[in-house]
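Reader: I am new to this structure and would be grateful for a close look at a single part of it. Please take the nonpolar core as the starting point and proceed outward from there.

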Amino acid sequence: MRCMKKSSQSFSEKKENHRNALAFIVYLRKIINKNFMVKIGEYNTLKVMKSLAFGLILDDGRDGILLPKRFVPQGAKIGDDLKVFLYHDGEDRIIATTQEPKGILGDIVKLRAVSVTEQGAFLDWGLMKDIFVPKSKQLLKMMPNGDYLVKIYLDEQTGRLAATEKIEYYLSNETLTVKEKDIVDLVVYRRSDIGYVVIINNQHTGVLHSNEIYRNIQPGDRFKGFIKKILPENKIDVAAGKPGYERVEDETEKVMRLLKENNGYLPYHDKSAPEDIYSFFAMSKKTFKMTTGNLYKQHKIEFTKTGIKLIE
């Protein structure tokens, strides 16, 4: 009995030492990253300081970071500034690439699973090395070839980029960083009874109402929009495109170009179906009416019984 007790205490001490070692490693990483001039998981502009047979060495304020030869832009030489993305390779070394990932640190993106293990899943994010989703960060078990909406984050214990399906933790409307009419990045999150819940600038949630949707959308789709209204309790309504007459100014040239490309006449008017207008012009019926109304006031078009006609 005495021997068993001694063994148990020894195991507990080992576990405690292991926890302390991990905590110290995390602390060291934070100190190192704080004083590090480059940012992992983001684009960095770094100067070429050495050329080797297998690539370029970029200046990171330390020993340098390798940009492998296959990613070196043609004509790049010592002294040039290169825009590169930084992440860890399979041997835990920081590596540079001129490839563009499908998402960077903090982004919420839809990615496809390419392989699954007992520990987690690997998703294709556009780089040579796939991004890892730990099993504990999955909502349900991921399957190969499945598409998943994930957030890219930096794991504090390993210092590596990883992804998680559990994105609710990162979303909050408690303190807003947006205001009405702001242009924002939207990601479709999930369907609701009144439209779709969308993610705003990777930080907040809002609602894109059904009457503001003029094309087929699905979770993971990304597009520009604007803050239409901020409601009590910081609930947000959004719309696609740009607000008000800013959208009219953007669409005016499109309508004029399409008229010229179609011999000065288009069979669309204020009685046309919203779906038909969106299919041809890629704009809502409301925007179409505002745009054509603006062109009519400028005496650039005229309305006919069957459409709009360019005034020569």
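Author: The account below begins with the core, continues with the aromatic and charged side chains, and ends with the confidence of the model.

The model is predicted. Its largest nonpolar core has 31 residues, and those with the most contacts inside it are Leu 58 and Trp 125. The element that gives the most to this core is strand 4, residues 81-88, which supplies five residues.

Trp 125 deserves particular attention. Leaving aside residues up to four places away in sequence, Trp 125 touches a set of residues that includes Phe 85, Tyr 87, Pro 101, Lys 102, Gly 103 and Leu 111. Also among the residues touched by Trp 125 are Asp 130, Ile 131, Ile 152 and Leu 161. A second core, separate from the one just described, has 14 residues, among them Met 256, Leu 258, Ile 277 and Ile 301.

Trp 125 also belongs to one aromatic cluster, together with Tyr 43, Phe 85 and Tyr 87. The ring of Tyr 43 has a charged partner: Lys 83 lies over its face, at 4.8 Å from the ring centre.

Over the whole structure, a search finds eleven aromatic pairs. One of them is formed by Phe 122 and Phe 132, which are tilted, with 5.0 Å centre to centre and 45° between the planes. Phe 122 lies in strand 7 (residues 120-124) and Phe 132 in strand 8 (residues 131-134), so this pair ties together parts that are ten residues apart in sequence. Phe 122 counts as partly exposed because its relative accessibility is 28%, and Phe 132 counts as partly exposed at 25%.

Strand 7 also takes part in a charged contact. Asp 124 and Lys 102 meet through their side chains in a salt bridge of 3.5 Å, N to O. This pair links distant parts of the chain, 22 residues apart: Asp 124 is in strand 7, and Lys 102 is in the loop between strand 5 and strand 6 (108-116). Asp 124 is partly exposed, with a relative accessible area of 27%, and Lys 102 is partly exposed, with 49%. Lys 102 is thus a residue that Trp 125 touches and a partner of Asp 124 in a salt bridge.

The whole structure holds twelve salt bridges according to the search. Another of these joins the side chains of Glu 212 and Lys 228, at 2.4 Å from N to O. Here too the pair links distant parts of the chain, with Glu 212 in the loop between strand 13 (204-209) and strand 14 and Lys 228 in strand 14, 16 residues apart. Glu 212 counts as buried at 12% relative accessibility, whereas Lys 228 is partly exposed at 39%.

Salt bridges also link Asp 89, Glu 91 and Arg 93 in a network. As for the loop between strand 4 and strand 5 (94-97), Asp 92 is found there. Asp 92 is not a glycine, but its phi is positive, near 65°.

Finally, confidence should be kept in view. The mean pLDDT of the protein chain is 88, and 88% of its residues reach 70 or more. Confidence is highest in strand 7, at 98, and lowest in helix 1 (residues 2-34), at a mean of 54. Over residues 1-7 the pLDDT is below 50, and this stretch has zero contacts in the model beyond near neighbours in sequence.

How values were computed: Residues numbered from 1 in each chain as written. Predicted model: local features only at pLDDT ≥ 70, side-chain atom pairs only at ≥ 80, totals over all residues. Heavy atoms only, no water. Core = buried A, V, L, I, M, F, W, Y, C linked by side-chain atoms within 4.5 Å. Buried < 20%, exposed > 50% of the residue type's maximum accessible area, 1.4 Å probe, protein only. Helix = DSSP H or I, 4+ residues; strand = E, 2+ residues; numbered from the N terminus. Contact = heavy atoms within 4.5 Å. Phe/Tyr/Trp six-rings, centres within 6.5 Å; stacked < 30°, edge-to-face > 60°. Lys NZ or Arg CZ within 6 Å of the ring centre and 35° of its normal. pLDDT = per-residue confidence, 0-100. Salt bridge = Lys/Arg side-chain N within 4 Å of Asp/Glu carboxyl O.
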